[in-house]
Amino acid sequence: MNQFNIKDKVIVITGGTGVLGGTVAESLAGSRAKIIILGRDQQTVENKALEITKNNGLAVGFSTNILDKKSVENVRDLILKQFGKIDVLINVAGGNMPGATIAEDQTIFDINIEDFKTVTELNLNGTVIPSIVFGEVMAKQKQGSIINYSSVAADRIITRVAGYSAAKAAMENFTKWLAVELATKFGDGIRVNAITPGFFIGNQNRSLLTNEDGTYTKRGETIINNTPMKRFGKAEELNGAVHFLCSDASKFITGAVIPVDGGFSAFSGV
Ligand SMILES: NC(=O)c1ccc[n+]([C@@H]2O[C@H](COP(=O)([O-])OP(=O)(O)OC[C@H]3O[C@@H](n4cnc5c(N)ncnc54)[C@H](O)[C@@H]3O)[C@@H](O)[C@H]2O)c1
C-alpha cells in the first residue's frame, strides 16, 4: 500500500485563491484528491476551481467569509451534501496589513490598533472558526487532518511585524491545543498540525523584499543572510510537507509545527 496515496480524499482549502493556497490546491488535485476551494469572492473561487479542472483535477469553489461561523457552516453543509465527508482542512487564509506593521521611522507607540485587531482576527479566528466547523465533522467521522499555515514570525522576532507575529503565535498555540483536545476526546484518527513557511515572495510582501528591478531590498538581503539556503522559497516547495500531512504517512503526527524555511528558524544568525 502507498501510504502517501491521497486519491479521493476530500480536501477543503481556505484562501485557496491566493498564491500559496492556489499552488497547493493544484498539487493535491494532481494527486487526484477532491479539492474544495474557499475564498471570499464567488467568481474568483469558481475561476480557480475551473483552472484546476481544466488541468484534469477535480475541484469546486464556494465563497465564504471564514470569520463568520454561520457562513462557514452553510458551506460545510453544501460540501457534505455533495461529497459526503471531509478528510482534510487546510487553513491557508491569512495575512498582514500595513497598519499592524511598524514603519521604519515609527515605534510601537504609532501602531494602528484597529489594523492590529483585524490582523489578529484574520490569522487567529480565521483558523479557529473553520477548525471548529469542519473539525466537528471529523470528530463524528473519527478521522481527519487539519493543517494550518503559520509563519516563522510566530517563534522568531521579526522586527516591525507586530500584529501578524502575535496572531500566528496564538494560532500555533491553538494548533497544539486542538491536537490534544481532538485526540484525547475523539480518538487517534484526527490530527492537527501546522507548517511554518519561511519567506516566499507573494503579493503581500513583494515590495518589502524586492525592488522594481528584481534586486533585493535591504530587508530582503537581511532575510537572505539569515537563511542558510541563501534564497527565498518557491511556492511549490510547500506542497510536499502539506501532502505528507494529508496522507496516512503522517498517521502518528499531531500537534507538530513543521518549518519549511531553508533553515531560517534553525539559524542563530552567527
Ligand atoms: N507568502 C509568504 O512568504 C508567507 C510566509 C509565511 C506564511 N504565510 C502564510 O501563508 C498563507 C497564504 O499566504 P499567501 O502569500 O498565499 O497570501 P495571499 O494573500 O496570496 O492569500 C491569502 C488568501 O486568504 C484569503 N482570505 C483573506 N481573508 C479572508 C476571509 N475573511 N475569508 C476567506 N478568505 C480570506 C484571500 O482571499 C486569499 O485567497 C497566509 O496565512 C500567510 O500568512 C505566507
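**Fold, ligand shell and local features of the predicted model**

Buried residues make up 41% of the 270 residues in the protein chain. The coordinates analysed here come from a predicted model, and the values reported below are computed from it. The protein chain contains eight helices and seven strands. Its radius of gyration is 18 Å, close to the 18 Å that the globule rule gives for 270 residues, so the chain is as compact as a globular protein of that length. Along the principal axes, the C-alpha atoms of the chain occupy a box of roughly 55 × 40 × 35 Å. Among contacts with a separation of 6 or more, 71% join residues that stand 24 or more positions apart.

The ligand is surrounded by 27 residues, of which G15, G18, L20, G94 and G202 come nearest. Sorted by class, this shell comprises eleven nonpolar residues, 15 polar residues and one charged residue. Two helices, α1 (residues 19-30) and α4 (residues 113-141), each supply at least two residues of the shell, and the greatest contribution is that of α1, with three residues.

Turning to the interior, the largest nonpolar core has 49 residues, and those with the most contacts inside this core are I11, V12, I13, I35 and I36. A second, separate core of ten residues includes V119, L122, V152 and M171. For I11, when residues up to four places away in sequence are not counted, the residues touched are L28, A33, K34, I35, I36, D87, V88, I90 and C246.

Strand β1 spans residues 10-14, and β2 spans residues 34-39. These two strands, β1 and β2, pair in the parallel sense over five bridges, and within this pairing I13 has I37 of β2 as its bridge partner. Six of the six residues of β2 are buried, so this strand is largely enclosed by the rest of the structure. The side chains of β2 are divided between two directions, with K34, I36 and L38 pointing one way and I35, I37 and G39 the other way, and all of these residues are buried.

A second parallel pairing is formed by β5 (residues 144-149) and β6, which are joined by six bridges; in this arrangement, Y149 stands opposite I195 in β6. Strand β6 (residues 190-197) is mostly covered, since eight of its eight residues are buried. From β6, I190, V192, A194 and T196 point one way, whereas R191, N193, I195 and P197 point the other way, and burial extends to all of them.

Two residues that are not glycines adopt a positive phi. D8 has a phi of about 70° although it is not a glycine, and this residue is placed in the segment before β1. Because only 12 other C-beta atoms lie within 10 Å of its own, D8 counts as exposed. R32 likewise has a positive phi of about 70° without being a glycine, and its position is in the loop between α1 and β2. With 14 C-beta neighbours inside 10 Å, R32 counts as partly exposed, the threshold for a buried residue being 20 or more.

Two further positions illustrate how separation in sequence and separation in space are related in this model. F244 belongs to helix α8 (residues 239-246) and, having 19 C-beta neighbours inside 10 Å, counts as partly exposed. Although F244 and F4 are 240 residues apart in sequence, their C-alpha atoms are 6.6 Å apart in space. Apart from neighbours within four places in sequence, F244 is in contact with A249 and S250. Q106, by contrast, is placed in the loop between β4 (residues 88-91) and α4, and its 11 C-beta neighbours inside 10 Å classify this residue as exposed. The C-alpha atoms of Q106 and V260 are 31 Å apart in space, with these positions 154 residues apart in sequence numbering.

Terms used:
Residues numbered from 1 in each chain as written. Predicted model: local features only at pLDDT ≥ 70, side-chain atom pairs only at ≥ 80, totals over all residues. Helix = DSSP H or I, 4+ residues; strand = E, 2+ residues; numbered from the N terminus. Rg over C-alpha atoms; globule rule 2.2 N^0.38 Å. Contact = placed C-beta atoms within 7 Å. Near = placed C-beta within 6 Å. Nonpolar A, V, L, I, M, F, W, Y, C, P; charged D, E, K, R; others polar. Core = buried A, V, L, I, M, F, W, Y, C linked by C-beta atoms within 7 Å. Pairing = 2+ DSSP bridges.
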